[in-house]
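Student: I am new to this structure and would like a close look at a single part of it, namely the nonpolar interior. Could you take me through that part step by step, and then turn to what lies apart from it?

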Amino acid sequence: MRNKRHIYLDHGASTPVHPRVLEAMLPYWTEAYGNPSSSHQFGRTAENGIENARHEIAERMSAKANEIIFTGCGSESDNLALRGVMWAARLRAGAAQNHLIVSEIEHSAVLKTAVQMRDQLGFDVTILPVDSFGQIRLAELEAAIRPETVLISIMAANNEIGTLQPIMEIGEIARKHQVLFHTDAIQSAAVMRWNTSEMPIDLISFAPHKFYGPKGVGILYARDGIELLSNLTGGGQENGRRAGTSNVAFAVGASTAFSLAMDELEDRNAHYRQLRDQLIGGMLAAMPHDCVLTGHPTERLPHNASFAFRNVNGNDLLMHLDLAGVAASSGSACKVGDPKPSATLASLGLGDAWTRGGLRLTVGQQNQTDEIEYTIEIMPKIIAKLQQLQAAGN
Ligand SMILES: Cc1ncc(COP(=O)(O)O)c(C=O)c1O
């Protein structure tokens with residue numbers, strides 16, 4: 001029989017929409033439904049909605065309104081940053097400006113885009129390795145920069161293992177060599193402050209559904225003056241950088257969610273940290289030989305506890321947790337069947353016994369201590385059972 005519990009520990013995948021976010025969005029479907037590009041009063045009301053949202057996000061990041069671009073999702077923000085910058089550079093300077101640097105543990109929205117640009121579009125791409133905690137080495141980054149380098153794209157925090165990258169130092173290296181720096185901040189948007197007037201970062205991607213906003217909208221901050229060739233051509237929306245009728249309700253939802261997150265940042269982070277540390281301490285104590293923490297022990301997202309389990313199939317683990325009422329995710333690319341080893345866990349140097357057994361638990365505002373206690377309590381039994389099955393060849 002299915003367990004009656006509903007414990008959601010997958011906030012790194014998505015979050016519920018905050019009631020105040022929903023409330024702010026509703027009028028833009030039913031009352032202020034005009035197309036913001038239309039010149040009549042209905043259009044102007046909608047335009048006010050999206051432009052106020054843009055201003056609010058910009059203000060929270062010490063940015064200018066024209067530096068905020070609304071897109072359709074976090075992946076699109078990443079795609080626009082990489083392709084937009086690299087294509088614009090190629091048009092300007094040809095092969096003299098052709099080189100892009102990423103890390104090997106970027107989300108596929110960056111990594112696959114970079115690989116496509118290398119293999120199918122003729123760009124030159126360096127993929128940097130990471131250390132056993134998942135951080136790039138700054139000396140390797142600096143050594144990889146060449147006269148043709150246009151852009152460095154390194155994530156602010158990893159989606160699977162939660163490791164934070166030293167983005168301030170990366171940005172300083174980029175500035176020193178007059179190279180642009182994009183960071184995919186989709187996991188960390190709402191757990192840190194963004195002051196673009198002080199941060200040496202030129203492009204930043206956010207996805208509001210990771211911080212109690214709606215799915216279907218992304219944000220790209222692009223510093224004033226950066227040339228971006230649009231990936232989506234058509235109308236002149238978003239200053240000609242992203243065509244398509246603006247999704248006013250979602251932009252309003254994005255700004256409301258971001259403002260709430262910034263207002264409540266310290267309280268939320270304190271809550272997350274307490275639960276995350278309870279999870280990490282409890283799991284490692286319960287299974288000292290079969291469980292390791294993945295990612296950085298201290299430089300990690302406040303809401304991310306990620307592990308690898310010895311000789312365990314991550315898909316089976318997720319299924320057993322789901323049956324026990326706990327929603328989580330693993331690093332595996334496949335949802336069913338025999339999971340491929342996690343490329344991120346392999347990049348950390350973990351061996352075959354561990355790389356199929358990744359587990360990511362990401363806590364949120366609604367989670368409580370008793371849910372964490374329950375999760376820790378059920379794990380050793382599940383792990384022992386899965387190891388037995390694996391040993392028996394099932
Ligand atoms: C680090 C990172 N980058 C990019 C994405 C893609 O975002 P979306 O699925 O909203 O397009 C995600 C989503 O999980 C992510 O965690």
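Tutor: In this predicted model, the largest nonpolar core has 76 residues, and the members that touch the most others are Val85, Met86, Leu100, Tyr221, Ala251 and Ala254. Helix H9, which covers residues 248–263, gives the most to this core, with nine residues. To see how one of these members is placed, take Met86: leaving out residues up to four places away in sequence, Met86 touches Leu100, Met117, Phe123, Val150 and Leu151. Apart from this core lies another one, of 29 residues, and among them are Ile7, Ala305, Phe307 and Val312.

A residue that deserves its own look is Ser306, whose place is in strand S10, residues 304–309. Ser306 counts as buried because 32 C-beta neighbours lie inside 10 Å, where 20 or more are needed. When its neighbours within four places in sequence are left aside, Ser306 is in contact with Glu160, Ile161, Gly162, Thr294, Gly295, Leu359 and Arg360. Ile382, by contrast, is not in that list; Ser306 and Ile382 are 76 residues apart in sequence and 17 Å apart in space, taken from C-alpha to C-alpha.

Finally, there is the ligand, and the residues around it include Cys73, Gly74, Ser75, Asp78 and His107. Helix H4, residues 74–93, supplies the largest share of this shell, three residues. Sorted by class, the shell around the ligand has five nonpolar, five polar and two charged residues.

Notes. Residues numbered from 1 in each chain as written. Predicted model: local features only at pLDDT ≥ 70, side-chain atom pairs only at ≥ 80, totals over all residues. Near = placed C-beta within 6 Å. Helix = DSSP H or I, 4+ residues; strand = E, 2+ residues; numbered from the N terminus. Nonpolar A, V, L, I, M, F, W, Y, C, P; charged D, E, K, R; others polar. Core = buried A, V, L, I, M, F, W, Y, C linked by C-beta atoms within 7 Å. Buried ≥ 20, exposed ≤ 12 C-beta atoms within 10 Å, placed from the backbone. Contact = placed C-beta atoms within 7 Å.
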